[in-house]
Structure formats: structure tokens, C-alpha cells
Amino acid sequence: MVGGIFRQAAASGKVAADSASGGFMPDNQPAHVLITGASSGIGAALALCYARPGTHLSLGGRNQERLADIAAQAAARGATTSVASIDVRDRDAVADWAIAADDRAPLDLVIANAGISGGTHGGPETADQTRAIFAVNLDGVLNVALPVIPRMIARRRGQIAIISSLAAYRGFPGAPAYSGSKAAVKVWGEALRADLAPQGVKVNVVMPGFIKSRMTDANDFPMPFLMPAEKAAEIIRSGLAANRARIAFPFPTAFLAWAMGALSPVIADPILRMLPKKD
Ligand SMILES: NC(=O)c1ccc[n+]([C@@H]2O[C@H](COP(=O)([O-])OP(=O)(O)OC[C@H]3O[C@@H](n4cnc5c(N)ncnc54)[C@H](OP(=O)(O)O)[C@@H]3O)[C@@H](O)[C@H]2O)c1
């Protein structure tokens, strides 16, 4: 499932990889960032948020046209980029891509962002959709994180950001597989953080509420505190720079989702059943 892997150089004309030195820059910004699902939404906004001179971005996604456009915008901001047409479900291809990126220059930050969602379409969620969502949202995260962890441990440096969701706090009846997959990576990331901290590797769990993107553009119900992807990326960037264990936002939705998870199912289930369902 891997398409062509190609590089783009920054406006300076230098070959992208040549300028990626690895390590954190003086203001604690990572010099080499790898992002899955960088072709759209939060991943694209994160790519542009980190784009600046001295930073190399390894960007993955499936849609080459949108990826190339994001890479061009990042280059216009002074970053160098490598772009890979990659499907996060393809374990070997993702491992090869991540290792090749790390060989080029040590990865300071890996953002496991690629994800899909789906609702129940007015009936029980299908088996096919359930498996498709877990394959991208869970396996896709493992596929990119696991190959780089031993390398980060070996150099006692590096950071892995796992994009979960506020839907991880509680199973939402309108999106069982989505909630379940996001809960899995949330809990895995929390445990991994404590496990890897003594090895010098940081792990952060990111739990956004409603963010404007292709994913939420498909929703036809009101989305409280819907936030632009650019603002979400800035919150994530500053949370990662501060090495916050859990980056859950915006606060009102984060609090409500957390409270739903804390409530007894006897109380929470009837409330959740009243919420609009994703199609
Ligand atoms: N938007 C929200 O309200 C919200 C809230 C909480 C969490 N999140 C999470 O944030 C992440 C980004 O979502 P988004 O809102 O930015 O949605 P989006 O605009 O639909 O972006 C999803 C990204 O994931 C990539 N992707 C999907 N399947 C893939 C696959 N099999 N292999 C490689 N890349 C794949 C897409 O790439 P291609 O299009 O190139 O395939 C795209 O770049 C997801 O994990 C999502 O669950 C979103």
C-alpha cells in the first residue's frame, strides 16, 4: 500500500534531509518531526505549526496531492520536508518509512495522528466498519510508534504524541469503534509514558474535542466549542513542549466528557443515548 516516497526541498534549494540535524532547537522546538495523517485537518495544521527554518518534517498520508500542498506551505515557512504516500495499516511499510526517516536524522517527535471515524448510521455499527476503524486508529498508532521506541530508548531522547480523543473518556453509543479505538490508544499511551520516562522518552496523549476538519465536516449535528484546526495545533504544540501527560481540550467539552466517564452507567447511558449520532 505504499506509494512513491519523494522529497521536497525548502526554498533554499538544499536537499531536505541535509538540513535536518536532529535534536531540539534552543527554544525547545523539535528539529525533526514525523507526522502521520499530515495531508489534512489536525495533522496538516500541526505540520504548518512546526514548520520553520531549522525544522525537518517527515509527513505521511495517502492523498499525495494534499500532502504535496501541505509540504509546499511548510517549505514556504522555511522548513524542509520529506513526504511519503503511506497507509498506516501497512505495518512493514510504516516501519520502513519511520526507520528511514530516523536514519536521515534522529526523530525528536513522532505524532501518531492518522485516524478515521464513523457512526452507526442509525443501526448497529457494522463489523467491517468496526475493524476498519480499529485498523487505522489502533494498529496505525502502534505501527508508527513501535519501530521508533527502541531507537529513542537507545539515545535516551525523543517524544511520541498519540492523538486520541475526548471520546476516549467514555464509550459513546453513536460511535462504538471510534470511542473504543481512542480509549485503547489513550490507555496505552498513559502506561507507555510511565514505562518509558526512566528511559528518557516522553509520551503524551492528546485528547481533542470537536475540531474543524474533513472528519467533522461530515457531521450534521451541532458541535459545541468547535475549534479551528490551527488553534488545536497550537494547543497541542505548546502541550507537547511542556511535556504534559494529557492534552485534553477545550476545557468545557473535556470536563463534560471526563464527567460522563466518571458517572455510573446507570446515569450516563440514558444521557448518552439522547446525544445526536454520527452518520
Ligand atoms: N476533528 C476532530 O473533531 C477530532 C477530535 C478528536 C480527535 N481527532 C483525531 O485527530 C486525528 C486527525 O483527524 P482530523 O480531524 O484531522 O481528520 P481528517 O481531516 O479526516 O484527517 C485524517 C488524516 O488521517 C489520514 N488517514 C486516514 N486513514 C489513513 C490511513 N489508512 N493511512 C494513512 N493516513 C490515513 C488522512 O490522510 P488521507 O486523507 O491522505 O488518507 C488524513 O490526513 C484523528 O486521529 C482523529 O480521530 C479528531
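Pro-250 is found in the loop between strand S8 (246-249) and helix H8 (251-262). The peptide bond that leads into this proline, from Phe-249 to Pro-250, is cis, and its omega is near -10 degrees. The model is predicted, and both the bond and the angle are computed from its atoms.

A second backbone feature is at Arg-156. This residue is not a glycine, yet its phi is positive, at about 55 degrees. Arg-156 lies in the loop between helix H4 (127-155) and strand S6 (159-163).

The chain as a whole contains nine helices and eight strands. Its radius of gyration is 18 Å, close to the 19 Å that the globule rule gives for 279 residues, so the chain is as compact as a globular protein of that length. Taken along the principal axes, the box filled by the C-alpha atoms is roughly 60 × 40 × 35 Å.

Helix H4, which ends just before the loop of Arg-156, packs with helix H3 (residues 91-104). The axes of H3 and H4 come within 8 Å and cross at roughly 40 degrees. An angle under 35 degrees would count as roughly parallel; H3 and H4 are therefore oblique to each other. The crossing of H3 with H4 is right-handed. On the H3 side, the contact is made by Arg-91, Val-94, Ala-95, Ala-98, Ile-99 and Asp-102, and on the H4 side by Asn-143, Val-144, Pro-147, Val-148 and Arg-151. Sorted by class, the residues of this contact are seven nonpolar, one polar and three charged.

Helix H1 (41-50) takes part in two further helix pairs. With helix H2 (residues 64-76), the axes come within 8 Å and the crossing angle is roughly 20 degrees. That angle makes H1 roughly parallel to H2. The crossing of these two helices is right-handed. Ala-44, Ala-47 and Leu-48 of H1 meet Ile-70, Gln-73 and Ala-74 of H2. This contact has five nonpolar residues, one polar residue and no charged residue.

The other partner of H1 is helix H7 (residues 229-241), and here the axes come within 8 Å and cross at roughly 60 degrees. H1 is therefore oblique to H7. The crossing of H1 and H7 is also right-handed. H1 contributes Gly-41, Ile-42, Ala-45, Leu-46, Cys-49 and Tyr-50, which meet Ala-229, Glu-230, Ala-232, Ala-233, Glu-234, Ile-236 and Arg-237 of H7. The classes in this contact are nine nonpolar, one polar and three charged residues.

H1 also leads to the ligand. Both H1 and helix H6 (214-217) supply at least two residues each to the shell around the ligand. There are 29 residues around the ligand, and those that come nearest are Gly-37, Gly-41, Arg-62, Gly-115 and Ser-213. Gly-41 thus appears in two settings: it is among the residues that come nearest to the ligand, and it is one of the H1 residues that meet H7. By class, the shell is made up of ten nonpolar, 14 polar and five charged residues.

Terms used:
Residues numbered from 1 in each chain as written. Predicted model: local features only at pLDDT ≥ 70, side-chain atom pairs only at ≥ 80, totals over all residues. Near = placed C-beta within 6 Å. Helix = DSSP H or I, 4+ residues; strand = E, 2+ residues; numbered from the N terminus. Nonpolar A, V, L, I, M, F, W, Y, C, P; charged D, E, K, R; others polar. Axes fitted to C-alpha atoms, helices over the stretch in contact; angles between N-to-C directions. Parallel < 35°, antiparallel > 145°, perpendicular 65-115°, else oblique. Left-handed = near helix turned anticlockwise from the far one by under 90°. Contact = placed C-beta atoms within 7 Å. Rg over C-alpha atoms; globule rule 2.2 N^0.38 Å.
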